[in-house]
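Open the model in your viewer and keep the selection tool ready. Each stop below says what to select and what to look for there.

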Amino acid sequence: MSTMTANRHPISALKITLIGFAALASAMGVGRFAFTPLLPLMQAHAGMSLRQGAWLAGANYVGYLVGAMLCSITVPAPRHAVRFGLVAVALLTLGMGVTDGFDAWLALRFGAGVASAYVLVGVSAWALPVLARHDRSVWSGWVFAGVGVGISLAGLVVLLAGLGGSDPAGVWLLLGLASIVVAGIAWAPMRAAGAVAASSVRQAGRLGADGWRLVLCYGTFGFGYIIPATFLPAMARDVIADPAVFGWVWPVFGATAALSTVAVALGSRRMQARRVWALGQLVMAAGVLAPVLLPGIGTLLVAAVCVGGTFMVNTMAGMQEARRIAGAHAPKLMAAMTAAFALGQLAGPIVVAMAAADGARHAAGPSLFAVALLLAGAWALRRQPD
């Protein structure tokens with residue numbers, strides 16, 4: 001669809017924000033992270049071990065990495081990436097509820113990771129530039145708040161299911177149906193929105209020493225956040241078996257992610273992105289460390305607040321800093337940072353799987369390693385180049 005054709009179908013900034021919000025809530029809250037609160041239910045009803053849970057999480061992260069790499073090789077039209085990605089997330093989530101084979105689950109979670117990457121790329125490529133043209137760049141915080149809200153709502157659904165004694169298959173089906181609704185809502189507006197033209201300018205030039213510093217720090221962030229982001233509810237279940245108690249950990253994680261994103265977007269003009277990122281790494285490290293030093297539901301809630309409240313903030317601050325130091329070469333730096341992040345988050349569940357027997361307490365060693373990486377990343381970010 002040409003730009004002229006797209007301009008005959010203007011979409012308000014509010015509608016853009018709401019569609020992007022809902023799309024990220026489905027793609028990330030369900031396609032990426034719904035498995036996290038569902039893991040304790042799957043352990044209880046399907047006898048799944050922590051090792052198996054780690055491999056399922058890893059399959060999703062491999063899919064996300066593959067999807068991001070495919071998008072970087074051949075940039076998809078945003079309208080296609082969002083529409084078909086949301087449909088794929090919905091169908092693959094429904095598939096989790098109609099099969100009980102571990103191999104099938106691996107394939108489904110891999111596919112959901114690929115699809116969620118396409119939605120994230122599509123929403124970012126479509127919504128952010130258009131909001132800027134509407135002079136509503138600050139509303140991007142609300143778009144990305146969809147991630148946290150989706151995480152929180154999925155967590156509440158699982159909490160209610162656990163209290164009602166429902167099995168995980170029914171929860172997967174319910175989340176899949178909700179994702180179908182989101183895909184239906186976004187389908188027509190995204191079709192009329194047209195494609196945002198991708199730049200044909202090849203990104204040349206080296207990243208430079210500071211660019212590589214950002215790449216490595218972003219990789220530490222990926223590894224640091226993903227262990228609690230994958231296993232926090234399972235850790236809570238090991239401490240307190242009552243779903244009315246441990247089930248609140250994941251909704252708290254998502255709620256703080258949503259609130260922090262909006263807060264930073266509103267105050268971003270008064271903050272230095274690199275310092276925000278470094279502080280976020282320190283707060284995240286404290287959240288990862290707390291339940292290792294003092295296991296208990298209280299410290300797990302602290303972890304949910306500290307990690308949930310910084311993982312989207314770090315994402316936004318990292319991208320802002322990439323634009324600041326790289327200028328015209330920012331897309332190349334952002335791509336390298338995203339790849340490092342994807343590799344870091346992929347390594348987390350694999351390390352847990354290698355260390356685990358059948359209890360979430362075996363994530364303590366990998367968590368300490370994550371803390372060390374987060375602190376190293378914060379230290380490396382301390383220098384503010386001109």
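How many helices and how many strands are there in the protein? Colour by secondary structure: this predicted model has 15 helices and zero strands.

**Whole chain**

Stay zoomed out for a moment. The protein has 386 residues, and 54% of them are buried. Switch on the surface. About 16,000 Å² is exposed, with carbon and sulfur atoms supplying 68% of that area. Now consider the contact map. Of the contacts between residues at least 6 apart in sequence, 86% join residues at least 24 apart.

**Stop 1: the salt bridges**

Select Lys, Arg, Asp and Glu side chains. A search of the whole structure turns up three salt bridges.

Begin with Asp210 and Arg213. Their side chains form a salt bridge, at 2.4 Å from N to O. Both residues sit in helix H9, three residues apart, so about one helical turn separates them. Asp210 is buried, at 14% relative accessible area. Arg213 has 23% relative accessibility and therefore counts as partly exposed, since the cut-off for buried is under 20%.

Which residue does Asp210 also pair with in a salt bridge? Add Arg274: its closest N and O atoms with Asp210 are 2.5 Å apart. This pair links distant parts of the chain, with Asp210 in helix H9 and Arg274 in helix H12, 64 residues apart.

Is Arg274 buried or exposed? Arg274 counts as buried, because its relative accessibility is 0%.

Next, add Glu321. Arg274 forms a salt bridge with Glu321, and here the closest N and O atoms are 2.9 Å apart. Glu321 lies in helix H13 (residues 297-326) and Arg274 in helix H12, so this pair ties together parts 47 residues apart in sequence. Glu321 is buried too, with a relative accessible area of 1%. Show the four side chains together. Through shared partners, the salt bridges join Asp210, Arg213, Arg274 and Glu321 into one network.

**Stop 2: Thr220**

Move along helix H9 (residues 208-239) to Thr220. Thr220 is buried, at 12% relative accessible area. What lies 2.6 Å from a polar atom of the Thr220 side chain? Select Cys217: the atom is its backbone oxygen. Cys217 is itself buried, at 2% relative accessible area.

Expand the selection around Thr220. Leaving aside residues up to four places away in sequence, Thr220 touches Gln281, Leu373, Leu374 and Gly377.

**Stop 3: the cysteines**

Show the sulfur atoms. How many disulfides are there? The count is zero. Besides Cys217, look at Cys306, which is buried with a relative accessible area of 15%.

**Stop 4: a nonpolar patch**

Return to the surface and select Leu279, Leu282, Val283 and Leu375. Together they make a nonpolar surface patch of about 320 Å². Which helix gives the largest share of the patch? Helix H12 (residues 273-293) does, with three residues.

Finish on Leu375, found in helix H15 (residues 364-380). Leu375 is partly exposed, with a relative accessible area of 41%. Apart from residues up to four places away in sequence, Leu375 touches Leu282 and Ala285. Draw a distance from Leu375 to Leu282. Their C-alpha atoms are separated by 6.3 Å, although the two residues are 93 apart along the chain.

Technical notes. Residues are numbered from 1 along each chain as its sequence is written. This is a predicted model: local features need pLDDT of at least 70, side-chain atom pairs count only at pLDDT 80 or more; totals for chains, interfaces and linings use all residues. Side-chain values use heavy atoms; hydrogens and water are left out. Helices (H or I, at least four residues) and strands (E, at least two) are DSSP runs, numbered from the N terminus. Buried means under 20% relative accessible area, exposed over 50%, partly exposed in between (1.4 Å probe, protein chains only). Contact means heavy atoms within 4.5 Å. Accessible areas come from the Shrake-Rupley method with a 1.4 Å probe; for residues, only the protein chains shown count as cover. A polar contact is a pair of N or O atoms within 3.5 Å; within protein, one must be able to donate a hydrogen and the other to accept it, and residues adjacent in sequence count only if both atoms are side-chain atoms. Patches are made of residues with over 30% relative accessible area and no salt bridge: like charges are joined within 9 Å, nonpolar side chains (Val, Leu, Ile, Met, Phe, Trp, Tyr) within 5 Å. A disulfide is a pair of cysteine sulfur atoms within 2.5 Å.
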